[in-house]
Amino acid sequence: MPYEALDFYDVDSLLTEEERMVRDMVRDFVDEEVLPKIEQACADGVFPDEWRVALGEMGVLGAPLEGYGCPGLSYTAYGVICRELERGDSGLRSFASVQGSLAMYPIWEFGSEEQKNHYLPKMASGEWVGCFGLTEPDYGSNPGDMITKAEDKGDHFLLNGAKMWITNGTIAQVAIVWAKLDGVIRGFIVEKGDEGFSAPEMKGKHSLKASVTSELVFSDCKIPKDRILPDGKGLKGPFSCLNNARYGIAWGAVGAAQACFDSARDYAGTRIQFTHPIASYQLVQNKLAWMLREITKAQLLAYHLAVKKDAGTWIAEHISLAKMNNVDIALDIARMARDIHGANGILDEYCIMRHMANLESVKTYEGTHDIHNLILGRHITGIQAFTREI
């Protein structure tokens, strides 16, 4: 039977016809191309190249960006895309999120016309893969203290330093790298093959196994002068990119939660104990009802945030709340779904443990749970607890 997502308050009825068409297209892709292959992809630790090609062909990379070969969809459509992709796997949504929000967006927002025309069409089609270099081995939640630096050498820039936990890094043709130039954080476009640049893949992960995670290493890396982003200065540049990616995560987490709920509901209806399906017992019904409640609240939070994004009335704290809440409840739902599945919940026959392990990473990257709490605390009190400044 075709997949039907839990939508207790019929939130998807608020989508436009175009947004529903995009939803159905991505949903079918996940059903037909991703779910039959995802467990093997995780076992092999690879992101299948045919998924990159398919995402480009569907026109969902850089979804809300306009011009330069980009789709020009609404932010609501982008959210729906992330939700449907993450129902398949967080690694799939991560690929699209990094490509569109962290690699394409900074070129679109801060780049020159020449840079936009050169890079964006290739990235929108999926021909070129992008990555985003901000986090360093010693600086994650505090990127302002980054060590990576660029020096102006007259006819080129010289980049030195390292970035870590970089999605798509090893397979990317383009890296958006943030480094300090004369003490000011600037964005640079680094291309695969640039002298002094390497991107070794990080192995041994228990999470996001169907996603390429890398280091970026710069050792006297020469960057042509025309590859600095002219309008990207200070932390405002990378943070604006992260806000778009965090927005996508808020929607994506709903997809992971829906997948776990769907599996738990189906399992509870067929698993017989004491001569009855376990779905007939009050304890299990209470767990399913709690899942429905939290998913419905997360859907409403994501949708209203989408309305504000499309209207331009959002603030960063809105995104922090949605990202933090929705990932938090998705992880709790995955754990509860595993409990309903009993010992079977650890098997790769079911999606539960894969989503649970993935969501542990999603809870940490692009702003940890605690950091988003502190962002909201600053909004409430006017005091920044990171530095204790008013």
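**Helices, strands and salt bridges of the predicted model**

Arg93 is buried, with a relative accessible area of 1%. This value, like the others reported here, comes from a predicted model. Arg93 forms a salt bridge with Glu86. The closest N and O atoms of Glu86 and Arg93 are 2.5 Å apart. Glu86 is also buried, at a relative accessible area of 0%. Both partners count as buried because each value falls under the 20% cut-off. Side chains of opposite charge can pair when their charged atoms come close.

Further salt bridges were examined next. A search of the whole structure returns 28 of them. One of these joins Lys225 to Asp152, with 3.1 Å from N to O. This pair connects distant parts of the chain, 73 residues apart. Lys225 sits in the loop between strand S9 (213–224) and strand S10 (228–233). Asp152 belongs to strand S4 (residues 149–152). Lys225 is partly exposed, with a relative accessible area of 31%. Asp152 is likewise partly exposed, at 45%. Neither residue is classed as buried or exposed, because both values lie between the cut-offs of 20% and 50%.

Arg293 and Glu294 form another salt bridge, and their closest N and O atoms are 3.1 Å apart. The burial of the two partners is mixed. Glu294 is buried, with a relative accessible area of 9%. Arg293 is partly exposed, at 45%. Salt bridges also link several residues into a network. Its members are Asp12, Arg23, Asp24, Arg27, Asp31, Arg83, Glu84 and Arg87.

Arg83, a member of this network, also touches Gln258. Gln258 lies in helix H7, which spans residues 236–270. Gln258 has a relative accessibility of 2% and therefore counts as buried. Beyond its neighbours within four places in sequence, Gln258 is in contact with Tyr3, Ala5, Leu6, Arg83, Ile295 and Gln299.

Helix H5 (90–110) has 21 residues. The first and last C-alpha atoms of H5 are 28 Å apart, close to the 30 Å expected at 1.5 Å a residue. H5 is kinked by about 40 degrees at Met104. The proline Pro106 follows shortly after this kink. Most of H5 is covered, with 19 of its 21 residues buried. The N-terminal end of H5 is capped by Asp89. A side-chain oxygen of Asp89 lies 2.8 Å from the backbone nitrogen of Gly91.

Helix H10 (residues 352–364) holds 13 residues. At 1.5 Å a residue, H10 should span 18 Å; the end C-alpha atoms are 19 Å apart, so the two values agree. Buried residues of H10 are Ile352, Arg354, His355, Met356, Asn358, Leu359 and Val362. The buried residues of H10 pack against five other helices, namely H2 (38–44), H4 (75–88), H5, H7 and H9 (316–341). Just past H10, Glu366 adopts a positive phi of about 55 degrees.

Helix H3 (residues 49–58) contains Gly56. Gly56 has a relative accessible area of 12% and is buried. Residues up to four places away in sequence aside, Gly56 touches Leu61, Ala124, Ser125 and Gly126. The C-alpha atoms of Gly56 and Met123 are 8.1 Å apart, while 67 residues separate the two in sequence.

The strands were considered last. In a regular strand the side chains alternate between the two faces of the sheet. Strand S3 (residues 130–133) is covered on both faces. Gly130 and Phe132 are buried on one side, and Cys131 and Gly133 are buried on the other. S3 pairs with strand S6 (residues 174–181) in the parallel sense, over 4 bridges. Within this pairing, Cys131 has Ala175 of S6 as its bridge partner.

Strand S9 pairs with strand S5 (residues 156–167) in the antiparallel sense, over 9 bridges. S9 also runs antiparallel to strand S8 (residues 197–198), to which 2 bridges join it. Phe218 of S9 takes part in both pairings. Phe218 is the bridge partner of Gly161. Phe218 is also the bridge partner of Phe197.

Methods:
Residues are numbered from 1 along each chain as its sequence is written. This is a predicted model: local features need pLDDT of at least 70, side-chain atom pairs count only at pLDDT 80 or more; totals for chains, interfaces and linings use all residues. Side-chain values use heavy atoms; hydrogens and water are left out. The expected span of a helix is 1.5 Å times one less than its number of residues. Buried means under 20% relative accessible area, exposed over 50%, partly exposed in between (1.4 Å probe, protein chains only). Contact means heavy atoms within 4.5 Å. A salt bridge is a side-chain nitrogen of Lys or Arg within 4 Å of a carboxyl oxygen of Asp or Glu. Two strands pair if DSSP finds at least two bridges between them. The bend at a residue is the angle between axes fitted to the seven residues ending there and the seven starting there. A polar contact is a pair of N or O atoms within 3.5 Å; within protein, one must be able to donate a hydrogen and the other to accept it, and residues adjacent in sequence count only if both atoms are side-chain atoms.
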